[in-house]
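Here is a short set of exercises to work through at your own pace. Try each task on the structure before you read the solution beneath it.

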Amino acid sequence: MSEAEQLVAGPRSGKLQMSLSTAAARQLATVTKSVPQMQEITSRWLLKILPWVQVAGGVYRVNRRLSYAVGDGKLSFISTGDDVRVIPQEMCELPLLRGFDDTNALNALAECFVQKRFNRGDVIAEFGKPADQLFVIAHGKVSKLGQGEYDDQSVQGTLSSGGHFGSRALSTEENWQFTFKAATGCTMLVLPRQAFEDLLNKFPTIRAHVEQFRNRPERPQNKHGEASIEVAAGHEGEPEVPKTYVDYDLAPREYELSVAQTVLRIHTRVADLYNEPMNQTEQQLRLTIEALRERQEDELINNRSFGLLHNADLSQRICTHSGPPTPDDMDELLSRRRKSQYFLAHPRAIAAFGRQCNKLGIYPQSIDINGNMVPSWRGVPVLPCNKIPISKTNTSSILVMRTGEENQGVIGLHQTGIPDEIEPGMNVRFMGIDENAIISYLVSTYYSAAVMVPDALGILEDVDVGTFE
């Protein structure tokens, strides 16, 4: 076969080609093509379900009733091999030391802790016995057991890493009101009361602070720690009706709008010549906006200042009883608030919950949300969010929330009507053309989130997503 004949023959055929090949025909045809695709795009349920509140001044203040409750924060640690130490400044998370700022005294106090190891099932502190030690959980879970009506024990809660119990034992003599038992293998840091008393003699600043804590007046408050509103009810005759007023928090929290930004650069040659059948600038901008919205949702979940994972009240955080998320865990999460509207969980956490339901022969119903069928539990939709992190130990968190200002729930914050706005709270501003003929656009979105009252948001922590038994 001659070279000319080979050129027109099929690639794997011994016969001469009888018609124009499709590869050659494509050189003259208009190809039907898609717009640029992006794998990073997700459903972004959090951005859809949050009611967005206009923040004209860039700052949103959450006014609440005055609260006397002192929060029990979690402590953090540093470790060197098997040796674990509490970070001295973290000691201020203890109610007894809240607001204390003597660095030298805190360093000395951190040195007084003794590291102990407890196996699963070990009793750490027993009901009725003298409480003379502070226990801090460096790693593991501890069950808090109370005395039942019929001399049995009931689980009152579960404490995890960073939690503590017995802080009152450092300032008052009393007995344990609960039994604390290791639910898993635990590494604990223990501070005996005697060691604390010895430290008070060395550092007068700690003694003065503790005395002030002991002598503070008991203020009337409700079960949520808010200043009481005195009300009389059920009386007869003409008793004196109590006089009252509603006191406000003098230092309410303020949320400033955060920002996610990027500079989009497009060469003028591309913007001028390659706009058929799709406008290059529009497509570059579309994908950039998608990336910014993904980052916005990530920040609303994980930002340490306003992200939901870091702003849930400690009283609204619970741990799973056995590791994987069970129906019992989800029920307990729901029971801590009124009018729960949405669960938010990593897809793997949703799958782990489904496995536990399958084991029990329970089949949760699906529910329609904006035309999408999603799983639900007790009528509350369980929405996927891959921005919720999964740790190296295969654990994650499940959020539940109530939304809206009128419900005293979780709200999103943004400002609309900004210059060069293309979507609510997002704008694109032309920055000019440089000497390399590159056009620059500044793309910005402004946002934040606020939790109106503590029970608007709850978290199920330490959710094991890797168990397949």
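**Exercise 1. In which strand is Asp 462 found?** Then trace how that strand is paired and how far it is enclosed.

Before starting, note that this is a predicted model, in which local features need pLDDT of at least 70 and side-chain atom pairs count only at pLDDT 80 or more, while totals for chains, interfaces and linings use all residues. Residues are numbered from 1 along each chain as its sequence is written, and side-chain values use heavy atoms, with hydrogens and water left out.

*Step 1.* Asp 462 belongs to strand 27, which covers residues 457-464. Strands here are DSSP runs of E with at least two residues, helices are runs of H or I with at least four, and both are numbered from the N terminus.

*Step 2.* Look at the pairing, which requires that DSSP finds at least two bridges between two strands. Strand 17 (residues 317-319) pairs with strand 27 in the parallel sense over 3 bridges, and Arg 317 stands opposite Ile 459. Strand 22 (residues 395-401) pairs with strand 27 in the antiparallel sense over 6 bridges, with Met 401 opposite Leu 457.

*Step 3.* Now check burial: buried means under 20% relative accessible area, exposed means over 50%, and partly exposed lies in between, using a 1.4 Å probe and protein chains only. Strand 27 is largely enclosed by the rest of the structure, because 7 of its 8 residues are buried. Asp 462 has 26% relative accessibility and therefore counts as partly exposed.

*Step 4.* Finish with the backbone. Phi of Asp 462 is near 55 degrees, a positive value in a residue other than glycine. Most residues other than glycine have a negative phi, and most peptide bonds are trans.

**Exercise 2. Find further backbone features in loops and turns.**

*Step 1.* Go to the loop between strand 23 (410-414) and strand 24 (421-423), where Asp 420 lies. Phi of Asp 420 is positive, near 55 degrees, and at 43% relative accessibility this residue counts as partly exposed.

*Step 2.* Move to the hairpin of strand 19 and strand 20, which has 2 residues between the strands; Asn 370 takes a positive phi near 55 degrees there. Strand 19 (residues 366-369) and strand 20 (residues 372-377) are antiparallel and share 4 bridges, and Asp 368 stands opposite Met 373.

*Step 3.* Continue along the chain. Strand 20 and strand 21 also form a hairpin with 2 residues between them, and Arg 378 in the turn has a positive phi of about 55 degrees. These two strands pair in the antiparallel sense over 2 bridges, with Pro 381 as the bridge partner of Ser 376.

*Step 4.* Lastly, inspect the peptide bond from Glu 276 to Pro 277: it is cis, with omega near 0 degrees. Pro 277 sits in the loop between helix 7 (268-273) and helix 8.

**Exercise 3. Which residues of the largest nonpolar core touch the most other members?**

*Step 1.* Set the rule: a nonpolar core is a set of buried Ala, Val, Leu, Ile, Met, Phe, Trp, Tyr and Cys residues joined through side-chain atoms within 4.5 Å.

*Step 2.* Of the 50 residues in this core, those touching the most other members are Leu 46, Tyr 60, Leu 308, Leu 344, Leu 399, Met 401 and Leu 413. Strand 26 gives the largest share, 7 residues.

*Step 3.* Zoom in on Leu 413, where contact means heavy atoms within 4.5 Å. Leaving aside neighbours within four places in sequence, the contacts of Leu 413 include Trp 52, Tyr 60, Tyr 255, Leu 257 and Tyr 446.

**Exercise 4. What is the order of strands in the open sheet of 4 strands?**

*Step 1.* The order is 5-14-8-11, with antiparallel pairing.

*Step 2.* Strand 5 (114-118) and strand 11 (164-165) are the edge strands, each pairing on one side only.

*Step 3.* Strand 8 (residues 133-139) and strand 14 (residues 186-192) pair over 6 bridges in the antiparallel sense. Within this pair, Val 136 has Leu 189 as its bridge partner.
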